[in-house]
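Reader: I've got a protein model open and no clue where to start. Could you walk me through it?

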Amino acid sequence: MTRAVYPGRFDPVNLGHLDIMHRAAGLFDSVVVAVFERPEREALFSADERLSMIEEATSNIANVSVTTFDGLIVEFVRAQGAQVIVRGLRKNADFEHEFEMALMNRRLAPEIDVACLITDLQYQFVRSSLVREVARLGGAIDGLVPPNVVAALRLRLGGA
């Protein structure tokens, strides 16, 4: 059985993230979506709120579970009994960052592989920070995030 972990901030989860989650669920027997509890930048939503939004958005994917983590991803992956870290790629800058991270993780845990999935073309420009900014300024975010996240952003930021 191949178990994978898809880690990230997911602040908030967007349709690009969900595209990767759906596709990873088709490739692996089990996928753990791992919400980073203490991101380097202050998050708009708490780890528990992000976890809850992802659980609701992935409730129709039987082999996906959601949890939080803190610390080195390779240690979390080992603790989960997983063999693969899933990452999503949108553009060249993502590749460079993910390449460096994959090499470091390979050094720390040579038994863990990294699988990079290219986000669907329609989500290439979608990133959580951009969604937050558009929502903060009152722009339409429907079609960028799942409906439960639209509602959460409207509640948190007002009128998005």
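Author: Let's go through confidence, then a pocket, then a pair of helices.

Reader: Okay, what pLDDT does the protein average?

Author: Keep in mind that this is a predicted model. The protein averages a pLDDT of 94, and 98% of the residues score at least 70. Among the elements, strand β3 (residues 64–69) has the highest mean, 98, while α4 has the lowest, 91.

Reader: Now the pocket. How do people find empty space at all?

Author: You roll a probe the size of a water molecule over the atoms, and that shows where empty space is left. Here, the largest pocket holds about 1000 Å³ of space. It has 39 lining residues, and Pro7, Gly8, Arg9, Arg87 and Glu98 are the closest to its centre.

Reader: Which element gives the largest share of that lining?

Author: That's α4, with 9 residues. At least two residues each come from β1 (3–8), α1 (15–27), β4 (84–89), α4 (92–108) and α5 (128–136). Sorted by class, the lining has 17 nonpolar, 11 polar and 11 charged residues.

Reader: And how do I describe two packed helices?

Author: You give the angle between their axes and the distance between the axes. Take helix α2 (residues 47–57) and helix α6 (residues 147–157): the angle is about 150 degrees, and the axes are 9 Å apart. So α2 is roughly antiparallel to α6.

Reader: Which residues make the contact?

Author: From α2 you have Glu49, Met53, Glu56 and Ala57; from α6, Asn148, Val149, Ala152 and Arg156. By class, that contact has 4 nonpolar, 1 polar and 3 charged residues.

Note on methods:
Residues are numbered from 1 along each chain as its sequence is written. This is a predicted model: local features need pLDDT of at least 70, side-chain atom pairs count only at pLDDT 80 or more; totals for chains, interfaces and linings use all residues. Side-chain values use heavy atoms; hydrogens and water are left out. On a 1 Å grid over the protein atoms alone, a cavity is a set of points where a 1.4 Å probe fits but cannot get out, and a pocket is an open set with protein on both sides within 12 Å along at least five of seven lines; lining residues have an atom within 4 Å of a point. Grid points are joined across faces, edges and corners, and a volume is the space filled by probe spheres set on the points. Helices (H or I, at least four residues) and strands (E, at least two) are DSSP runs, numbered from the N terminus. Ala, Val, Leu, Ile, Met, Phe, Trp, Tyr, Cys and Pro count as nonpolar, Asp, Glu, Lys and Arg as charged, and the others, Gly among them, as polar. pLDDT is the predictor's confidence in each residue, from 0 to 100. Axes are lines fitted to C-alpha atoms, for helices over the stretch in contact, and angles run from 0 to 180 degrees between N-to-C directions. Angles under 35 degrees count as roughly parallel, over 145 as roughly antiparallel, 65 to 115 as roughly perpendicular and the rest as oblique. Contact means heavy atoms within 4.5 Å.
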